[in-house]
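Q: I've got a model open and I'd like to learn how to read it feature by feature. Could you walk me through it?

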Amino acid sequence: MSNPTLVMYDEEFQEINEVIGRLLKEANAKVIFLVDKNGQLISGVGETERFDTTSLASLTAGNIAATGGLAKLIGEKEFSILFHEGEKDNLHISIVGGRVILVVLFDNRSSLGLVRLRVKKSSEELSGIFEKLLIKSEEREKRGSADFPFAEITDDDIDNLFS
Amino acid sequence: MSFINYASREINCKIVYYGPGLCGKTTNLQFIYQKTAAEAKGKMISLATETERTLFFDFLPLSLGEIRGFKTRFHLYTVPGQVFYDASRKLILKGVDGVVFVADSQDERIDANIESLENLRINLKEQGYDLDKLPYIVQYNKRDLPGVMSVKELHSELNPTNVPEFEACATTGEGVFETLKAIAKLILIDLKKGK
């Protein structure tokens, strides 16, 4: 398969939340989301309850995929930053470590310049964490699947989901 | 590519409904959306043209319940079926965990079915997937219409590898949940043994 399964552990999850929590304050943003390139929401901080986070994640990934397709057509590898300006709220979308998408929603209490600056710093930290995560998953995979939650599931477990 | 989150104890998987234009991919998702309890589903998103043809994708998040303490979520996507949207179709296949091929059972659509199936194989290959190794189901849709091909004929044209197949009528919902259950099950079994 082309991509290994993305696995998230408690330790890295907390580290990620710390970084995006700090970014939220420093960039004066309303909400920040981290989304997998396949459209799965990884985490979110700020006023997340006001938004349909699942839809947001899926559409963001679709957006990145579409602009990535455009980039290739004109001979670019990807467009690493997208900016959408609204009447009140704006979206700053960037690719972190080639694999995950960082979405920052902000209004006129912040500015594009500030967001860009802070995002750049946080992106480096996040890249490091995701790299660590990848190595960790690979190591665990090599060691075998003893702690994998699905290794022991039975047909009954699966059937029960649909009962 | 599924996403396993130990921190929030969730497993997310992606299912893509593929098939020729107007075969009923969106209708499959609409029926699932209508018949699923509010707490088990998210909002259905359709990026469609003014004439309700899928432009980019439809998206429906479903939450099936827990397995071994892990919330099991399935994200259902459709692709735009029309031939000229091929660039968009490729994008939606990224990170797919399982594929449902929705075939139009009408006699005059057999060439479109075959072409779409070949296109699926090629597009998957470009992403590094092999259809024969992925959880994969075939659905023969529109069984209620007059002048449809027999399942035996459809099988020989569209299902040479003998994957599970279902007859359906997506507008009334016949066979829709059977198809979904079958692909979800294959994905979970794949997750189990793939590790």
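Q: Which residue takes a positive phi in the hairpin of strand 2 of chain A and strand 3 of chain A?

A: That's G39(A), with phi near 95°, and the hairpin has four residues between its strands. Strands and helices here are DSSP runs numbered from the N terminus (E, at least two residues, for strands; H or I, at least four, for helices). Bear in mind that this is a predicted model, where local features need pLDDT of at least 70, side-chain atom pairs count only at pLDDT 80 or more, and totals for chains, interfaces and linings use all residues. Residues are numbered from 1 along each chain as its sequence is written, while chains are lettered from A and ligands numbered from 1 in the order in which they are written.

Q: In what sense do strand 2 and strand 3 of chain A pair, and over how many bridges?

A: Strands pair if DSSP finds at least two bridges between them. Strand 2 (residues 31-36) and strand 3 of chain A do so in the antiparallel sense, over five bridges. To find your place in the ladder, look for L34(A), which sits opposite S43(A) of strand 3.

Q: Why is strand 3 of chain A said to be largely enclosed?

A: Count C-beta atoms, placed from the backbone: 20 or more others within 10 Å means buried, 12 or fewer means exposed, and anything in between is partly exposed. In strand 3 (residues 41-46) of chain A, six of the six residues are buried, so the rest of the structure largely encloses it.

Q: What about positive phi in a residue other than glycine?

A: Most residues other than glycine have a negative phi. N28(A) has phi near 60°, and you'll find it in the loop between helix 1 and strand 2 of chain A. With 15 C-beta neighbours inside 10 Å, N28(A) is partly exposed. In chain B, E52(B) also has a positive phi, near 60°; its loop runs between strand 3 (45-48) and strand 4 (54-67). E52(B) is exposed, as 9 other C-beta atoms lie within 10 Å.

Q: How do helix 1 and helix 3 of chain A cross?

A: Two packed helices are described by the angle and the distance between their axes. Axes are lines fitted to C-alpha atoms over the stretch in contact, with angles from 0 to 180 degrees between N-to-C directions. Helix 1 and helix 3 (residues 112-143) of chain A have axes that come within 10 Å and cross at roughly 175°. They are therefore roughly antiparallel, a label for angles over 145 degrees. Among the residues that meet are I16(A) and L23(A) from helix 1, and L126(A) and I129(A) from helix 3. By class, this contact has eight nonpolar, one polar and six charged residues.

Q: How many residues of chain A are in contact with chain B?

A: Contact means C-beta atoms, placed from the backbone, within 7 Å. By that rule, 33 residues of chain A touch 36 of chain B. Helix 2 of chain A gives the most to its side, with eight residues. There's strand pairing across the chains too: three bridges join strand 1 of chain A to strand 1 (residues 3-5) of chain B, running parallel. M8(A) is opposite N5(B) there.

Q: Where is Y33(B), and which residues does Y33(B) touch?

A: Y33(B) is in helix 1 (residues 25-35) of chain B. Leaving out residues up to four places away in sequence, Y33(B) touches K41(B), M44(B) and L60(B). The C-alpha atoms of Y33(B) and M44(B) are separated by 7.2 Å, though the two are 11 residues apart along the chain.

Key
Two residues are in contact if their C-beta atoms, placed from the backbone, lie within 7 Å. Angles under 35 degrees count as roughly parallel, over 145 as roughly antiparallel, 65 to 115 as roughly perpendicular and the rest as oblique. Ala, Val, Leu, Ile, Met, Phe, Trp, Tyr, Cys and Pro count as nonpolar, Asp, Glu, Lys and Arg as charged, and the others, Gly among them, as polar.
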